[in-house]
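Hi,

Here is the structure I promised to pass on. Have a look at it first, and then read my notes below.

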Amino acid sequence: MSASKVQLDRQGRLRHFLTVEGLSRRHLIEILDTAESLRGVAERRVKKLPTLHGKTVVNLFFEASTRTRTTFELAAKRLSADVITLNIAHSSTVKGETLLDTLQNIEAMQCDMFVVRHQQSGAAEFIARHVKPHIAVLNAGDGRHAHPTQGMLDAFTIRRHKPDFANLQVAIVGDILHSRVARSLIHALNILGVAEIRVVAPRTLLPAAVEGLGVRVFLDPREGLKDVDVVVMLRLQKERMEGALLPTEQEFFQRYGLTEERLALAKPDAIVMHPGPINRGVEIDSRVADGPRSVILEQVTNGIAVRMAIMSITLGNHARPDGEDA
Amino acid sequence: MSASKVQLDRQGRLRHFLTVEGLSRRHLIEILDTAESLRGVAERRVKKLPTLHGKTVVNLFFEASTRTRTTFELAAKRLSADVITLNIAHSSTVKGETLLDTLQNIEAMQCDMFVVRHQQSGAAEFIARHVKPHIAVLNAGDGRHAHPTQGMLDAFTIRRHKPDFANLQVAIVGDILHSRVARSLIHALNILGVAEIRVVAPRTLLPAAVEGLGVRVFLDPREGLKDVDVVVMLRLQKERMEGALLPTEQEFFQRYGLTEERLALAKPDAIVMHPGPINRGVEIDSRVADGPRSVILEQVTNGIAVRMAIMSITLGNHARPDGEDA
Amino acid sequence: MSASKVQLDRQGRLRHFLTVEGLSRRHLIEILDTAESLRGVAERRVKKLPTLHGKTVVNLFFEASTRTRTTFELAAKRLSADVITLNIAHSSTVKGETLLDTLQNIEAMQCDMFVVRHQQSGAAEFIARHVKPHIAVLNAGDGRHAHPTQGMLDAFTIRRHKPDFANLQVAIVGDILHSRVARSLIHALNILGVAEIRVVAPRTLLPAAVEGLGVRVFLDPREGLKDVDVVVMLRLQKERMEGALLPTEQEFFQRYGLTEERLALAKPDAIVMHPGPINRGVEIDSRVADGPRSVILEQVTNGIAVRMAIMSITLGNHARPDGEDA
């Protein structure tokens, strides 16, 4: 049973959110539509809903990430949940406890949701397989595997600007090889029926059988960016680079960095995205990052709504009866 | 005036919770009964009560403990309190402030409860003696002295399974010498009228005048475990060991570790407890820890209810008038 | 445009709180009166108001300060806000992000207030200049420049004891040079019309043109303390001292430390203040710090009310329309 199966209950409803891969269009549309209705909450005077009042959300961060942790914490608090943050990297194995013992202890505290970030691929799925049935597990990034809430917030941002997916061309540019963001986004866009998904990168930053993901490969950005509606720049994952896949950051910028000149190849109304944090002058020029076609900060805003949506949907499904027949 | 007196008001009601020693059976039954009524809260859809709404609980942790801190934080939040956590180990003496100055500053912030964890015995009592009258102090573990909320949650767990204390035999096995948990539990079980409390350990891991605590001493687990109703395994406190009291962990396991064979000496329906975190293969075999007679994770769940009970009772008593006559 | 202008909207209302300098007496009185009405909240059974329910307050601490952070966190929680704390010192630049990018990301999470502490003078103002219009910025201490909420809580504490400012003499004693507290307090007292503000310090601990701040300078405490109504002792900022401005702490205590003898020079009903944390035996003798004329801990209590007031006022002003004509 794969991660995509573990996350569904018998009626095929989302009980965890581990990966976009294997989900149906219906699942993704439910998330996007729920996020759309929640987006307004943050613009109201009282930015809170009672949806998760009395629920406990535990941030289990085995890998430091202030930014992602903060967005999940805000999403949970705006749904009125209580939030506990455990930086396991620093604390858990102090007394030599195994991961499973740590997990079982936390679930014995009657928590309702685990938000898991881990440097190893498959960690969130492993945890989802072992928690008690009443707990929902959200993957907040596992190794190089997936970062599905990021993929969904990217898809949500694209839909707000370019809702006609059947006629859309999206270019994802940069370090595809190390990017769990790219992987999750590619799955999401394919499931949502985006006409063409391009990856634009040097051969050394592409996974081995990348075409199998349902993308067109371009080594040359002059071709890859041509007439696209959306440009998604990826962060050059300096901290994940092992060995010298690239001569220098300067060379990367020269060949692939998104400048105004290069962006001019895309459609005139193309939008520019980036999962952040951006490396100015490495994968993106400041004039583009801060320019009128950048929706990078909008992605951050949308990330709260999308995470609120996924929290509401998964915990809502836990409250419903689960059986062979609906 | 001893710790057991400091924690009572003039009517003999709990105003702090520092130690089980010296409390009456009535005090303990009040805690257990309140915890019983609160245990259901965590199973409701909304796991929250308004009891401490508008109150501020401060976690003062001079000794790191993610697990204990988290259970107190959850207990306070489920009673709707605001929670502030201060890891004093890292912060307080940065600017050369004394402990009393730190305390007086925090109490000047109009907090209502201090949850104190400290590596020195007597620290919580010292703090209770110096805080303003409106503040309740809970001991979350002080040196080798006491861990009274753990003792109470253990007693609570035993009562749920074996309510007939007058006919009960409990064996506490392992590192009695360094265990504040053992000390608190022995006091609780004696006060509650448990028929026989046994300690089972090598001579090097027993306190000098252990019999004075009201226990029977067994060096040989074959005798100590015979026909008991409850086996409480203690964690081998590697981090507290000073000098070579034991040859090796392997030897400890061989002589005292709880295996299925050894557990067979106890009554057929005996339960197995451990305060956690467990050292698998050191004091307990995984088959026993994860087996059908283990209530180790139930202890964690009960810990929230017992801490909620103690918080409610002590703060409730602060709200009542205190005088020579009731 | 100076900090004092940045913090006002077009109607001259406080939209940020960056510095006391340049504010009008009306602004300060509004803060003091609001704090007075909020002071009672902490003495009620339920210490909470719904004022900031649904608002998100972000503590941006670039400089560690458990004490100040805790008072802001408590103030926000007692106004029912959600609070997120980011210790930027440890986290922000992990991935090489610039300060502005970090800020823009946090504001994109639809937060309502930034509480900023930074080791560089002008940091809070810089941030206030760059945030979106709906965000209020509070300065929780920037370099040697200002600590305006501390200045206001000091003024508030003085007013509660000595409301007749027009006939008041206040002596500020010690390390004026490095003290952002002194700077903010001097501005506040001048604006509020205090008759005489004295600074008492060795020449090496006085700023170059200190008289320009509107104070009388005394090198000798025997003259400086004579007949004053209020003595404000400053912390000897050991951690900020660069080079040997003072021979030894002992010498400082001998010449300037507040002893009972020295305090006898002041008016018989003079009060003693200190922003904390105190260095016992360096700038103040324990008998004075703990004596009947000390209001040091009252300052801490008042600090919560004053911060609640400033949070309420600034966010309240953000909710009102801002135009050329009122």
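What rotation superposes chain B on chain A? A turn of 120° with 0.0 Å of shift along its axis does it, at an RMSD of 0.0 Å (copies are superposed by least squares on the C-alpha atoms of residues with pLDDT of at least 70 in both). The two copies are therefore related as by a three-fold rotation axis. In chain B, the C-alpha nearest that axis belongs to B:Asp82, 6.2 Å away from it. Chain B also goes onto chain C by a turn of 120° and a shift of 0.0 Å along the axis, with an RMSD of 0.0 Å.

Before the rest, some housekeeping. This is a predicted model, in which local features need pLDDT of at least 70 and side-chain atom pairs count only at pLDDT 80 or more, while totals for chains, interfaces and linings use all residues. Residues are numbered from 1 along each chain as its sequence is written, and chains are lettered from A and ligands numbered from 1 in the order in which they are written.

Now the contacts (two residues count if their C-beta atoms, placed from the backbone, lie within 7 Å). Between chains B and A, the contact takes 21 residues from chain B and 17 from chain A. On the chain B side, α3 (66-78) and α13 (296-319) each supply at least two residues; helices here are DSSP runs of H or I with at least four residues, strands are runs of E with at least two, and both are numbered from the N terminus. The largest share, seven residues, comes from α3(B). By type, that side of chain B has nine nonpolar, six polar and six charged residues (Ala, Val, Leu, Ile, Met, Phe, Trp, Tyr, Cys and Pro are nonpolar, Asp, Glu, Lys and Arg charged, and the others, Gly among them, polar).

Towards chain C, 16 residues of chain B touch 20 residues of chain C. Here β2 (82-87) and α5 (99-108) of chain B are the elements giving two or more residues, and α5(B) has the largest share, with four. This side of chain B splits into four nonpolar, eight polar and four charged residues.

One last thing, on α3 in chain A. All 13 of its 13 residues are buried, so α3(A) is largely enclosed by the rest of the structure (buried is 20 or more other C-beta atoms within 10 Å of a residue's own, exposed is 12 or fewer, and partly exposed is in between, with C-beta atoms placed from the backbone). After α3(A) comes A:Ser80, with a positive phi near 70°.

Cheers
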